[in-house]
Amino acid sequence: MYLLKWRKRFIFYNHQLLLLLYLPPAGLNNKCMSFQELYLCAVQELSRFPELVEDVLKLQRWTEILHSPAEEDKESRKKQVRPLFRHFRRIDACLQPREAFRGSDEIFCRVYTPDHSYVTIRSRLSCRVGEILALVKEKLQYSEDQPTQPANLILVAVTSSGEKAVFRPSDEAVFTTLGVNTHLFACEPAELESLIPLPEEIHWSPGDSKLHDMSAEEVANQLVVFDWELFSCVHEVEFVCYVFHGEQARWRPLNLELILQRCSEVQHWVATEILQCQSLPKRIQLLRKFIKIAALCKQQQDLLSFLALVLGLDNPAVSRLRLTWEGLPGKFRKQFQQFESIADPSRNHKSYRDLLASLRAPLIPFTPLLLKGESLTHTHTHYSSTSVLSHKVAEMVRSIRRYRSTQLVMEAEPSPSHLQTKAYVRQLQVIDNQNLLFEMSSKLEPKDM
């Protein structure tokens with residue numbers, strides 16, 4: 001009941017949150033709650049009062065402001081502007097650091113024009129599209145390649161397959177919503193139809209994989225470490241916000257978007273590495289190595305990379321390679337069949353859920369299934385009971401807390417080459433165009449072979 005009184009005041013005064021510190025409700029013995037205490041209390045009650053999601057997010061922002069570092073620390077932090085890896089050409093993406101982000105972080109990114117030239121802008125990760133376009137216009141104003149100032153720019157996401165999505169000026173945090181090989185373009189409305197993907201996203205060249213020179217143990221360790229970093233940075237409120245609002249949310253769950261993209265990236269990485277390999281014996285070696293890496297990820301309770309690897313091997317462009325799979329030793333084929341049974345979606349992914357229930361923290365769940373399992377879209381449609389709704393949210397939050405209740409500690413000693421492996425794993429170069437993957441597959445093993 002006390003929290004309910006705080007809640008009413010919070011909703012009423014959310015534009016004057018400072019008042020909350022000095023207006024304790026009756027029954028609290030006049031003890032004032034700090035912003036942090038109020039925020040933590042409100043988060044715990046989200047399962048009972050899901051309509052408070054947006055208000056709790058506002059409170060979180062105020063908490064961060066009030067507990068921000070000293071001014072000199074802020075100034076030094078402002079200078080640490082990080083390039084956003086996903087918005088640079090594949091050819092130089094390996095130079096970009098890859099870490100989890102906060103919405104207030106400032107980043108460098110490239111916005112391309114129809115002729116594939118680009119401007120590099122500095123922006124907050126969470127800024128609106130209108131702000132991005134203003135920065136682009138300012139840069140183009142001083143560009144020798146742009147003799148006239150564009151009158152009316154729009155921001156467009158262009159995928160490697162050529163699909164386009166136009167953003168609204170009010171959209172926020174669009175940087176984290178893009179696919180693996182999707183880039184931002186700024187153009188005038190009349191130029192929209194002329195936009196095409198960057199050349200390196202359309203073409204591919206065969207070659208030996210760097211994986212041949214890396215140990216499966218080292219690659220698995222780096223996958224697990226990076227997945228844990230990403231998963232640890234996702235706030236509980238991001239999960240709740242995504243469950244209620246999904247991609248329609250005005251406030252974007254930044255790090256949750258990144259970890260969902262990572263699932264897709266790892267899947268396409270598996271297919272890319274195998275299909276770029278022209279030698280049948282080496283292709284079989286890669287198949288063995290990926291199965292071994294998957295087994296090691298499962299052993300270390302990283303179900304995110306484990307299932308992503310299995311789904312990548314199940315990609316139709318890979319699974320159709322009859323000669324490659326026939327060359328796989330029997331014990332590896334049997335092991336992979338066991339892995340496929342865990343990924344089996346029947347009976348609401350029962351095999352996977354049984355495995356998940358048998359594990360103790362720390363563990364990394366397969367995040368898409370976590371969201372699917374606790375998704376309230378189905379609940380909203382089929383249930384009117386508020387108690388059912390609350391139970392689903394509370395169950396999800398409890399699960400996330402359990403998975404992260406113990407810190408992940410890697411016991412393996414780093415090898416001399418671990419830095420190279422780390423850079424490779426965090427900057428996977430992938431092809432995410434399924435039509436192109438099928439084309440590569442057909443050239444390796446035509447139907448009539």
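Which residue in E6 is the bridge partner of alanine 157? In this predicted model, the partner turns out to be leucine 184. That contact belongs to a longer run of pairing, with E4 and strand E6 (residues 183-187) lying antiparallel over five bridges. Alanine 157 also has a bridge partner in E5, namely alanine 165. Here E4 and strand E5 (residues 164-166) are antiparallel too, joined by three bridges. Five residues sit between the strands of the E4 and E5 hairpin, and glycine 162 there adopts a positive phi near 95 degrees.

As for burial, strand E4 (residues 154-158) has five of its five residues buried, so the rest of the structure largely encloses it. Neither face is left uncovered: Ile154, Val156 and Val158 are buried on one side, and Leu155 and Ala157 on the other.

Turning to the rings, eight aromatic pairs show up across the whole structure. One of them is edge-to-face because the ring planes of tryptophan 269 and phenylalanine 290 meet at 85 degrees, with the centres 5.1 Å apart. Since tryptophan 269 belongs to helix H9 (residues 254-276) and phenylalanine 290 to helix H10 (residues 280-299), the pair ties together parts 21 residues apart in sequence. Both tryptophan 269 and phenylalanine 290 are buried. Phenylalanine 306 and phenylalanine 339 make another edge-to-face pair, at 5.1 Å between centres and 85 degrees between planes. This one links helix H11 (residues 303-313), home of phenylalanine 306, to helix H14 (residues 330-343), home of phenylalanine 339, across 33 residues. Phenylalanine 306 and phenylalanine 339 are both buried.

Elsewhere, Tyr112, Tyr118 and Phe185 are linked into a cluster by ring pairs. Finally, arginine 404 places its charged end over the ring of phenylalanine 231, 5.1 Å from the ring centre.

Terms used:
Residues numbered from 1 in each chain as written. Predicted model: local features only at pLDDT ≥ 70, side-chain atom pairs only at ≥ 80, totals over all residues. Heavy atoms only, no water. Buried < 20%, exposed > 50% of the residue type's maximum accessible area, 1.4 Å probe, protein only. Helix = DSSP H or I, 4+ residues; strand = E, 2+ residues; numbered from the N terminus. Pairing = 2+ DSSP bridges. Phe/Tyr/Trp six-rings, centres within 6.5 Å; stacked < 30°, edge-to-face > 60°. Lys NZ or Arg CZ within 6 Å of the ring centre and 35° of its normal.
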